[in-house]
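Hi,

Here is the structure I promised to pass on. Have a look at it first, and then read my notes below.

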Amino acid sequence: MGTRMSEDGRPLPVPNPTTAPFFDAAREGRLRLQRCPRDGLFFYPRSRCPGCLGDDWSWEDVSGRGSLHAFTVDRVGHDPALTRDVPFAIAVVELEEGPRMTARMVDCGLDDLRVGMPVEATFETLEDVPLVRFRPRQVERLPIGGA
Ligand SMILES: [Zn+2]
């Protein structure tokens with residue numbers, strides 16, 4: 001995927017014909033991934049299925065739900081363009097549909113991050129480019145005592 005610089009110097013992804021449907025969905029607040037018709041694998045962003053190398057995948061909306069697989073906190077600004085944003089957390093999220101996505105965590109204190117915590121996708125728009133973020137997700141609990 002290509003990138004360009006925002007007006008304030010931050011790297012932004014540039015959609016190409018392969019990734020345009022992903023960004024179109026993201027603009028509407030939906031997470032959409034590629035899916036292979038033979039083995040059902042979800043993946044992104046690739047030109048071929050990682051399972052069978054088929055190239056006849058299609059796009060499918062997914063839940064956006066997952067769990068925090070791993071994370072790291074950047075407190076010093078390893079990318080000079082992002083120094084103004086530190087400290088921030090970069091997460092590897094395992095989606096319910098299987099694939100892992102790397103994105104920034106938002107709406108969460110850095111000391112509250114826990115591996116395995118439930119998260120959900122959210123979107124932040126920078127210069128008309130929708131960027132995937134993940135935030136903590138409330139897990140519905142059954143009422144105690146029930147009906
Ligand atoms: Zn496949």
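**The S9–S10 hairpin and the zinc site**

S9 and S10 make a hairpin with two residues between them, and Glu-127 in that turn has a positive phi of about 50 degrees. Please keep in mind that this is a predicted model.

The hairpin strands, S9 (residues 118-126) and S10, pair in the antiparallel sense over eight bridges. One of the partnerships joins Thr-125 to Pro-130 in S10. S10 also pairs with strand S8 (residues 100-105), this time in the parallel sense and over two bridges. Here Arg-104 stands opposite Arg-133 of S10. Strand S10 itself spans residues 129-136 and is mostly covered, with six of its eight residues buried.

The other thing to look at is the metal. The zinc ion is coordinated by Cys-36 (SG), Asp-39 (OD), Asp-39 (OD), Cys-49 (SG) and Cys-52 (SG), at 2.2 to 2.7 Å. Along the chain, these donors follow the spacing C-x2-D-x9-C-x2-C. Asp-39 and Cys-49 link distant parts of the chain, ten residues apart: Asp-39 sits in the loop between strand S3 (32-35) and strand S4 (42-43), while Cys-49 belongs to the loop between S4 and strand S5 (58-61).

Which of these two donors is buried, and which is partly exposed? Cys-49 has 0% relative accessibility, so it counts as buried, because the cut-off for buried is under 20%. Asp-39 has a relative accessible area of 36% and is therefore partly exposed.

Enjoy exploring it!

Best wishes

Terms used: Residues numbered from 1 in each chain as written. Predicted model: local features only at pLDDT ≥ 70, side-chain atom pairs only at ≥ 80, totals over all residues. Heavy atoms only, no water. Buried < 20%, exposed > 50% of the residue type's maximum accessible area, 1.4 Å probe, protein only. Helix = DSSP H or I, 4+ residues; strand = E, 2+ residues; numbered from the N terminus. Pairing = 2+ DSSP bridges. Donors = N, O, S within 2.8 Å, 3.2 Å for Na, K, Ca; no water.
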